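Work through these short exercises with the model open beside you. Try each task before you read its solution.

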Amino acid sequence: MLTTLRVFLEHGGSAATARVLGLHRNIVAARLGQVRERLGVPLDDPGNRLALQMACRALTSP
C-alpha cells in the first residue's frame with residue numbers, strides 16, 4: 001500500500017495512479033480507502049498530502 005500511496009501523492013489522482021501501477025482504478029480506490037482508514041487522515045487535505053508525501057519519501061529513500 002505504501003507504493004500505491006506514494007504514486008497517488010506524486011500523480012495527484014487515482015486514475016493516474018492506476019495507469020502508472022497498471023491496476024484498475026477500483027483497486028487503487030480500495031487501497032487508498034484502507035490507507036485513509038488505517039492512518040485516520042483525509043487524503044483530500046493538502047497539508048495531509050504534503051506530510052504523507054514527505055513521509056513516503058523518507059521511508060523509500062536509500
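**Exercise 1. Check the span of helix H4 (46–60).**
Step 1: H4 has 15 residues, and 1.5 Å is allowed for each. The rule multiplies 1.5 Å by one less than the number of residues. Step 2: the expected span is therefore 21 Å. Step 3: the end C-alpha atoms lie 21 Å apart, which agrees.

This is a predicted model, where local features need pLDDT of at least 70 and side-chain atom pairs count only at pLDDT 80 or more, while totals for chains, interfaces and linings use all residues. Residues are numbered from 1 along each chain as its sequence is written, and side-chain values use heavy atoms, without hydrogens or water. Helices are DSSP runs (H or I, at least four residues), numbered from the N terminus.

**Exercise 2. Find the buried side of H4.**
Step 1: Leu 52, Gln 53 and Cys 56 are buried (under 20% relative accessible area, 1.4 Å probe, protein chains only). Step 2: these residues cover an arc of only 105° around the axis, so they sit on the same side of H4. The arc uses directions from the helix axis to the C-beta atoms. Step 3: the face turned away carries Leu 50, Met 54 and Ala 58, which are exposed (over 50%).

**Exercise 3. Say what the buried side of H4 packs against.**
Step 1: its buried residues pack against H1 and H3. Step 2: take Cys 56. Leaving aside neighbours within four places in sequence, Cys 56 is in contact (heavy atoms within 4.5 Å) with Leu 2, Leu 5, Arg 6 and Leu 9.

**Exercise 4. Find the cap of H4.**
Asp 45 caps the N-terminal end. One of its side-chain oxygens lies 2.9 Å from the backbone nitrogen of Gly 47.

Notes
Helix = DSSP H or I, 4+ residues; strand = E, 2+ residues; numbered from the N terminus. Polar contact = N/O pair within 3.5 Å; in protein donor to acceptor, adjacent residues only side chain to side chain.
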